[in-house]
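User: I would like a close look at one part of this chain, explained step by step. Please start from that part and then show how the rest is arranged around it.

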Amino acid sequence: MGQYSISTLVKLPFDRALRETHRALAEEEFVVITEIDLQAELVKKLGQQIRRYTILGVWVPSWEYQALSREPDIGLLMPSHICLWDNGDGTCTLATADLKHLCHTEENPPLAEAARAVNARLRAVVASVQFTGFLDASEQRPTPATIETNAERAERADKPGHLP
């Protein structure tokens with residue numbers, strides 16, 4: 001994974017992970033506006049077979065409306081995408097873009113604020129799905145702050161004295 005993603009291993013079979021992703025998105029007020037079965041599309045268009053892979057296009061309509069009212073070309077970044085793929089071993093990988101690079105847009109504070117809000121909710125979705133099925137009823141779901149991006153892991157790994 002690159003430095004622009006938030007991703008995690010999900011210890012669930014693909015179909016359940018996809019259901020849990022839909023549930024977690026709804027809890028965070030995201031609306032799924034498109035669902036692409038990439039495996040089926042590549043078979044249909046190219047006759048090529050890949051692992052199960054789904055891309056969800058998601059958004060929060062009120063946020064997108066506000067953002068588009070201020071910055072018309074922000075539509076280039078809409079909708080947000082959640083990718084889920086089957087690892088072939090009973091687990092899946094769930095990934096989304098890490099919008100933190102947009103959160104520091106000093107020349108456009110409303111855009112930075114919107115990016116922080118969307119990023120926090122996308123992190124919450126990833127955290128929720130990651131820990132589904134592993135928690136007792138008495139345990140709390142992790143907060144978005146407990147999900148570490150690949151870039152954050154790399155930064156930590158580069159520090160002296162870090163043990164993998």
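The part to be examined is strand S4 (residues 80-86). Is strand S4 buried or exposed, and which strands does S4 pair with?

Analyst: The model is a predicted one, and the description below starts with the strand itself.

Strand S4 covers residues 80-86. A residue counts as buried when its relative accessible area is under 20%. Six of the seven residues in S4 are buried, so the rest of the structure largely encloses this strand. In the chain as a whole, which has 164 residues, 38% are buried.

The neighbours of S4 come next. Strand S3 (residues 53-59) pairs with S4 in the antiparallel sense, over six bridges. One example is glycine 57, whose bridge partner in S4 is histidine 81. Strand S5 (residues 92-97) also runs antiparallel to S4, and five bridges join the two. Leucine 84 has leucine 94 in S5 as its bridge partner, and aspartate 86 stands opposite cysteine 92 in S5. S4 and S5 form a hairpin, with five residues between them. Glycine 88 lies in the turn of this hairpin and has a positive phi of about 80°.

These pairings belong to a wider arrangement. The sheet is open and has five strands, in the order S1-S5-S4-S3-S2, with antiparallel pairing. Strand S1 (5-10) and strand S2 (31-37) are at the edges, and each has a single partner strand, so one side of each has no neighbour in the sheet. From one strand to the next, the twist averages 20°. Helix H2 (residues 38-46) packs on the sheet, where it touches S2 and S3. The direction of H2 makes about 45° with that of S2.

The sheet strands alternate with helices for part of the chain. Along the sequence the pattern is β-α-β-α-β-α-β-β-α-α, which comes to five helices and five strands. Among contacts with a separation of 6 or more, 64% are between residues 24 or more positions apart.

Helix H1 (residues 14-27) gives a second example of burial. It has 14 residues, which at 1.5 Å a residue should span 20 Å; the C-alpha atoms at its ends are 20 Å apart, so the two values agree. The buried residues of H1 are Phe14, Ala17, Leu18, Glu20, Thr21, Ala24 and Leu25. They cover an arc of only 165° around the axis, which means that they lie on the same side of H1. The general reason is that an α-helix has 3.6 residues a turn, so residues three or four places apart point the same way. The face of H1 turned away from this buried side carries Arg19, Ala26 and Glu27, which are exposed. After H1 comes glutamate 29, with a positive phi near 70°.

One residue of helix H4 (residues 109-131) can also be placed: arginine 116. Arginine 116 has a relative accessible area of 44%, so it is partly exposed. Between arginine 116 and aspartate 98 there are 9.9 Å in space, C-alpha to C-alpha, and the two are 18 residues apart in sequence.

For the chain overall, the accessible surface is about 9600 Å², and 55% of it belongs to carbon and sulfur atoms.

To return to the request: S4 is largely enclosed by the rest of the structure, and in the order of the sheet it stands between S5 and S3.

Key. Residues are numbered from 1 along each chain as its sequence is written. This is a predicted model: local features need pLDDT of at least 70, side-chain atom pairs count only at pLDDT 80 or more; totals for chains, interfaces and linings use all residues. Side-chain values use heavy atoms; hydrogens and water are left out. Buried means under 20% relative accessible area, exposed over 50%, partly exposed in between (1.4 Å probe, protein chains only). Helices (H or I, at least four residues) and strands (E, at least two) are DSSP runs, numbered from the N terminus. Two strands pair if DSSP finds at least two bridges between them. Axes are lines fitted to C-alpha atoms, for helices over the stretch in contact, and angles run from 0 to 180 degrees between N-to-C directions. Contact means heavy atoms within 4.5 Å. The expected span of a helix is 1.5 Å times one less than its number of residues. The arc is that of the directions from the helix axis to the C-beta atoms. Accessible areas come from the Shrake-Rupley method with a 1.4 Å probe; for residues, only the protein chains shown count as cover.
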